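User: I should like to examine the reasoning behind the descriptions given to this model. Please set each value against its criterion.

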Amino acid sequence: MRKLILYMHVSLDGFVQGEHDWDINWIIHDEELEQYADETFSTVDTVLWGRGTYLGMRQYWTTVPDNPDASEHDKRHAAWINKTRKVVFSTTLESADWNNSILIKENMAEEVQKLKNEDGQDMIVIGSPRFAHRLMQRHLIDEFRINVNPVVLGRGLPLFKDVPGPVQLELAHNITFRSGVVGLTYRLKNEQQ
């Protein structure tokens, strides 16, 4: 069975965005972190999102290939995300028209489990914090790849919310980047998988 990975940037005090939607200017992006993200995404063939993140990502990444000011990294990532299967979970979205996208409107937990049972590479949630909360509440995340940024926001949207616990994890990998970001990879302990 393939695993579902959560890939998220977080502040030192546990927030994934500030007080407003898309308040993420504090996230550090540099060449070293881009390479780390590329390595993570290289084992993935499916991205899962909630409605808001799907729409925001579609709005941005579909413009990158024709943008003469886009970096080479962004162009490569845009090509990857365009060819990768995208699954959006929403009860209000009418259609998912980005290339290789499918829309699932109900039975989220059952549909995620079906996706996990399919053949293929791993799946990933990139951002989409409210959707991630729903997945965590149902214990559907197998691996947490958390990039802790050296900033304290004081308030905002937390990484973990209403998760029935405790959830026992084991540290599988950690890396400290020159920027001060610490990349942590936690997996569910074997008895919970």
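User: What makes the radius of gyration of the chain agree with that of a compact globule?

Analyst: The model is a predicted one. For 193 residues, a compact globule would have a radius of gyration near 16 Å, and the chain has 16 Å, so the two agree. The C-alpha trace spans about 50 × 40 × 30 Å along its principal axes. Of the 193 residues, 45% count as buried. Among contacts with a separation of 6 or more, 72% are between residues 24 or more positions apart. Five helices and ten strands make up the secondary structure count of the chain.

User: Why is Phe144 called buried?

Analyst: Buried means under 20% relative accessible area. Phe144 has 6%, and is therefore buried. This residue lies in strand S7. Beyond its neighbours within four places in sequence, Phe144 is in contact with Leu6, Met136, Phe160, Leu169, Leu184, Thr185 and Tyr186.

User: How do you know that S7 and S10 pair, and what is the bridge partner of Phe144 in S10?

Analyst: Two strands pair if DSSP finds at least two bridges between them. Strand S7 (residues 143-149) and strand S10 (residues 182-188) are joined by six bridges and run antiparallel, so the criterion for pairing is met. The partner of Phe144 in S10 is Tyr186.

User: What makes S9 and S10 a pair as well?

Analyst: Seven bridges link strand S9 (residues 169-176) to S10 in the antiparallel sense, and the pair therefore satisfies the requirement of at least two bridges. Leu171 has Tyr186 as its bridge partner in S10. Tyr186 is thus named as a partner of both Phe144 and Leu171. The C-alpha atoms of Phe144 and Leu171 are separated by 9.5 Å, although these residues are 27 residues apart along the chain. The hairpin of S9 and S10 has five residues between the strands, and there Gly180 takes a positive phi near 100 degrees.

User: Is Asp122, a residue of strand S6, buried or exposed, and why?

Analyst: Asp122 has a relative accessibility of 16% and counts as buried, because the limit for that class is under 20%. Its position is in strand S6 (residues 122-126). Leaving out residues up to four places away in sequence, Asp122 touches Arg2, Lys3, Ile5, Thr43, Val44, Asp45 and Thr46.

User: Why are Asn100 and Asn107 called partly exposed?

Analyst: The class lies between the limits of 20% and 50%. Asn100 has a relative accessible area of 37% and is therefore partly exposed. At 44%, Asn107 is likewise partly exposed. Asn100 is placed in the loop between strand S4 (85-89) and strand S5 (101-104), whereas Asn107 lies in the loop between S5 and helix H4 (108-117). Neither is a glycine, yet phi is positive in each, about 60 degrees for Asn100 and about 55 degrees for Asn107.

User: Which element supplies the largest share of the lining of the largest pocket, and how does that lining divide by residue class?

Analyst: Helix H2 supplies the largest share, seven residues. The lining has 43 residues, with Trp22, Thr53, Met57, Ile126 and Gly127 nearest the centre of the pocket. It divides into 20 nonpolar, 15 polar and eight charged residues. Elements that each supply at least two residues include strand S1 (4-11), helix H1 (31-41) and helix H5 (129-137). The space in this pocket amounts to about 1200 Å³.

Technical notes. Residues numbered from 1 in each chain as written. Predicted model: local features only at pLDDT ≥ 70, side-chain atom pairs only at ≥ 80, totals over all residues. Heavy atoms only, no water. 1 Å grid on protein atoms, 1.4 Å probe; cavity = no way out; pocket = protein on both sides within 12 Å on 5 of 7 lines; lining within 4 Å. Points joined across faces, edges and corners; volume = space filled by probe spheres on them. Helix = DSSP H or I, 4+ residues; strand = E, 2+ residues; numbered from the N terminus. Nonpolar A, V, L, I, M, F, W, Y, C, P; charged D, E, K, R; others polar. Rg over C-alpha atoms; globule rule 2.2 N^0.38 Å. Buried < 20%, exposed > 50% of the residue type's maximum accessible area, 1.4 Å probe, protein only. Contact = heavy atoms within 4.5 Å.
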